[in-house]
Amino acid sequence: MVQTEDSQGNVLFLVTNRSDFSYDEIQNHFLHFQIYSGIRFNATLVISELTYIINLLMLKYSNYCGGGNLMITAIYFVRHAHSDYTADEWNRPLSARGWQDAKLITEILSNQSIDLIISSPYKRAIQTIEGLASQLSSGIMINDDFRERLLSDQPVDDFNQAISQVWSDPSFFYEGGESNIVAQQRGVNALNSILTQYNGKNIVISTHGNIMVLIMNYFDSQFDFAFWRKLAMPDIYRMTFTEHLLIKVDHIMQL
């Protein structure tokens, strides 16, 4: 019997009559296990909870089998604060409201033992975490691959319809723009590089709503178009990894 917890902290038990199961067997055949709560039988765990439990089991199993103490990397994805619209995508500044919300970003993240701050090259993303960088006496590393996804190189007639279209068909793209697949791969490649280079660190990445959710979606499909539509501005989600394995996602900011 293996004891673990779900993402809400409830004690769970995976029950099997074998003691020599491997992680692959857990991952590929977990429906053969019975999942119990320490309080009550839980027959309605959603897929995200099952994924979390399996990933946590992999971590515990690796340590048990002599894998050593795997290092935990925390990625704090920050969706930039509200900006004043201009046609200049790169230099669009924060609005008065955005500057106020950026102070809250600083307050929340200054207590998270941040080791590194990374930003999209867009001005609104940089301004969102300037206060944090100043408070921590840290520089800001600019990474072009965390820029917002390019929907089209021409103005679109109906933004809501256009963004819905690219999410409904991941390979679809408008002239001069990026499909979900292309934009997601760009962002995921950048994140994987950071996970390799800064293993075990707490890292802030100031970025944009669409590319942020596309990256999150790669690791967990519950972060989809509907999730993007509900995302606040600004917002913070912490993704916890061991190596390149996502362990859990926490919503850090509540506006």
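Asp 145 is partly exposed, with a relative accessible area of 31%, and in this predicted model its side chain forms a salt bridge with Arg 147, the closest N and O atoms being 3.7 Å apart. That pair belongs to a structure that holds 7 salt bridges in all, and it is taken up again below with other charged residues. The mean pLDDT of the chain is 82, with 72% of residues at 70 or more, while two stretches, residues 1-7 and residues 10-46, stay under 50.

**Confidence**

- Over residues 1-7 the pLDDT remains under 50, and the model has 30 contacts beyond four places in sequence for this stretch.
- Residues 10-46 likewise stay under 50 in pLDDT, and here the model has 62 contacts beyond four places in sequence.
- Where pLDDT is low, the predicted coordinates should not be read in detail.

**The sheet**

- An open sheet of 6 strands, with mixed pairing, follows the order 6-5-7-4-8-9; its edges are strand 6 and strand 9 (245-251), each of which pairs on one side only.
- Strand 4 and strand 8 run antiparallel and are joined by 8 bridges, among them the one that pairs Val 78 with Ile 236 of strand 8 and the one that pairs Ala 74 with Thr 240 of strand 8.
- Strand 8 also pairs with strand 9 in the antiparallel sense, over 6 bridges, and Met 239 stands opposite Val 249 of strand 9.
- The connection between strand 8 and strand 9 is a hairpin with 2 residues between the strands, and Glu 243 in the turn has a positive phi of about 55 degrees.
- Strand 8 is mostly covered, since 7 of its 8 residues are buried.

**Helix 6 and what covers it**

- Helix 6 (180-197) has 18 residues, which at 1.5 Å a residue should span 26 Å, and its end C-alpha atoms are 26 Å apart, so the expected and modelled spans agree.
- The buried residues of helix 6 are Asn 180, Ala 183, Gln 184, Arg 186, Gly 187, Val 188, Ala 190, Leu 191, Ile 194 and Leu 195.
- The elements that cover these buried residues include strand 4 (72-79), strand 5 (116-119), strand 7 (202-207) and strand 8 (235-242), together with helix 5 and helix 7 (209-219).
- Arg 186, one of the buried residues of helix 6, has a relative accessibility of 10% and therefore counts as buried.

**The loops around Ser 152 and Glu 175**

- Ser 152 is placed in the loop between strand 6 (141-142) and helix 5, whereas Glu 175 lies in the loop between helix 5 (159-168) and helix 6.
- Ser 152 is buried, with a relative accessible area of 15%, while Glu 175 is exposed, with a relative accessible area of 63%.
- The side chain of Ser 152 reaches the backbone nitrogen of Gln 154 at 3.1 Å, and a polar atom of that Ser 152 side chain also lies 3.1 Å from the backbone oxygen of Glu 175.
- Leaving aside residues up to four places away in sequence, Ser 152 touches Tyr 174, Glu 175, Gly 176 and Gly 177, and Glu 175, counted in the same way, touches Ser 152 and Asp 153.
- Gln 154 and Glu 175 are 21 residues apart along the chain, yet their C-alpha atoms are separated by 7.5 Å.

**Salt bridges**

- Arg 186 forms a salt bridge with Glu 178, the closest N and O atoms being 2.9 Å apart; Glu 178 has a relative accessible area of 12% and is buried, and Arg 186 is also buried, at 10%.
- In the pair formed by Asp 145 and Arg 147, Asp 145 is partly exposed at 31% and Arg 147 is partly exposed as well, with a relative accessible area of 24%.
- The side chains of Lys 248 and Asp 250 meet in a salt bridge at 3.8 Å, N to O; Lys 248 is partly exposed, with a relative accessible area of 24%, but Asp 250 is buried, with a relative accessible area of 18% that falls under the 20% cut-off.
- Glu 89, Arg 92 and Arg 124 are linked in a network of salt bridges.

How values were computed:
Residues are numbered from 1 along each chain as its sequence is written. This is a predicted model: local features need pLDDT of at least 70, side-chain atom pairs count only at pLDDT 80 or more; totals for chains, interfaces and linings use all residues. Side-chain values use heavy atoms; hydrogens and water are left out. Helices (H or I, at least four residues) and strands (E, at least two) are DSSP runs, numbered from the N terminus. Buried means under 20% relative accessible area, exposed over 50%, partly exposed in between (1.4 Å probe, protein chains only). Contact means heavy atoms within 4.5 Å. The expected span of a helix is 1.5 Å times one less than its number of residues. A polar contact is a pair of N or O atoms within 3.5 Å; within protein, one must be able to donate a hydrogen and the other to accept it, and residues adjacent in sequence count only if both atoms are side-chain atoms. Two strands pair if DSSP finds at least two bridges between them. pLDDT is the predictor's confidence in each residue, from 0 to 100. A salt bridge is a side-chain nitrogen of Lys or Arg within 4 Å of a carboxyl oxygen of Asp or Glu.
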